[in-house]
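Got the viewer open? Let's take a walk through this one, a selection at a time.

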Amino acid sequence: MSGQERRQKILNLMGQAEGPISGERLAKLLGVSRQVIVQDIALLRAADHDIIATNRGYLCSGLAEASRVFHVNHGPDEIVEELNIIVDFGGTAADVFVEHEPYGELRARLDVHTRREVQEFMDSISSGNSSPLLTITCGDHYHTVRAASEKLLDEIGEELSRHGFLRN
């Protein structure tokens, strides 16, 4: 099998998977080393495929098919932990919004799907005179989360709940 055929198979396998797929698993399925998979992933990214690496494996975020709104509550000091849960389970925090009594719905786009983007978001908040939306609603806010499957969204919800962030 040529390198191009193998990279197409990697994309197909990601599309069929219900969540992130590890480099080790891809290597085993394709009969190559994990290093070959790492190189193929780099080439696919260079070809503008939106592939992210999570702690559970690779995910092609362009394949996201499911989304869900999570109602959460926590303090400003727990934003990083909350967003890292979402991205570590292969999700993308598409936005954040609050329901504010006098102003109605206030929404901001995030599109955060890696730990690096979580940190960049936090850096942007701390570098200015801004504060997170959750501060105007005593920590109560919502996120629209996208993921490759409903199963992944369920796992994200379970982990948010386990950490005490999820509201009913």
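Before we set off, one bit of vocabulary: two strands count as paired if DSSP finds at least two bridges between them. Keep in mind, too, that this is a predicted model.

With that in hand, select the sheet. It is an open sheet of four strands, in the order S3-S6-S4-S5, with antiparallel pairing. Its edge strands are S3 (66-73) and S5 (104-112), each of which pairs on one side only. From one strand to the next, the twist averages 20°. In general, strands of a sheet pair through backbone hydrogen bonds, either parallel or antiparallel.

Now pick S4, residues 92-100, together with S5. These two run antiparallel and are joined by seven bridges. Click on Phe97 and look across to S5: Arg107 stands opposite.

Stay on Phe97 for a moment. Is Phe97 buried or exposed? Its relative accessibility is 6%, so it counts as buried, the limit being under 20%.

Next, show the side chains of Phe97 and Tyr142. The structure holds one aromatic pair, and you're looking at it: Phe97 and Tyr142 are stacked, 5.0 Å centre to centre with 10° between the planes. Phe97 belongs to strand S4 and Tyr142 to strand S6, so the pair ties together parts that are 45 residues apart in sequence.

Add helix H4, residues 79-88, to the view. H4 lies across S3, S4, S5 and strand S6 (140-147), and runs at about 15° to S6.

Time to leave the sheet and select helix H3, residues 34-46. How far apart are the end C-alpha atoms of H3? They are 18 Å apart, which agrees with the 18 Å that its 13 residues should span at 1.5 Å a residue.

Colour Ile37, Asp40, Ile41 and Leu44, the buried residues of H3. Look down the helix axis and you'll find them within an arc of 105°, so they line one face of H3. Here's the general background: an α-helix has 3.6 residues a turn, so residues three or four places apart point the same way. What do the buried residues of H3 pack against? Their partners are helix H1 (3-16), helix H2 (23-30), strand S1 (51-54) and strand S2 (57-60). Step just past the end of H3 and you reach Asp48, which takes a positive phi of about 70°.

Now jump to helix H6, residues 150-162, and select Glu155. At 19% relative accessibility, Glu155 counts as buried, because the cut-off is under 20%. Leaving aside residues up to four places away in sequence, Glu155 touches Arg56 and Phe89.

Glu158 is also in H6. Its relative accessible area is 55%, so Glu158 is exposed, the cut-off here being over 50%. Try drawing a distance from the C-alpha atom of Glu158 to that of Asp77: the two are separated by 21 Å, and lie 81 residues apart along the chain.

Finally, zoom out to the whole chain. Its secondary structure comes to six helices and six strands, following the pattern α-α-α-β-β-β-α-β-β-α-β-α along the sequence. The C-alpha trace spans about 60 × 35 × 25 Å along its principal axes. Of the 168 residues, 45% are buried. Among contacts with a separation of 6 or more, residues 24 or more positions apart account for 71%.

Methods:
Residues are numbered from 1 along each chain as its sequence is written. This is a predicted model: local features need pLDDT of at least 70, side-chain atom pairs count only at pLDDT 80 or more; totals for chains, interfaces and linings use all residues. Side-chain values use heavy atoms; hydrogens and water are left out. The expected span of a helix is 1.5 Å times one less than its number of residues. Buried means under 20% relative accessible area, exposed over 50%, partly exposed in between (1.4 Å probe, protein chains only). The arc is that of the directions from the helix axis to the C-beta atoms. Contact means heavy atoms within 4.5 Å. Axes are lines fitted to C-alpha atoms, for helices over the stretch in contact, and angles run from 0 to 180 degrees between N-to-C directions. Rings of Phe, Tyr and Trp (its six-membered ring) pair if their centres lie within 6.5 Å; planes under 30 degrees apart count as stacked, over 60 as edge-to-face and the rest as tilted.
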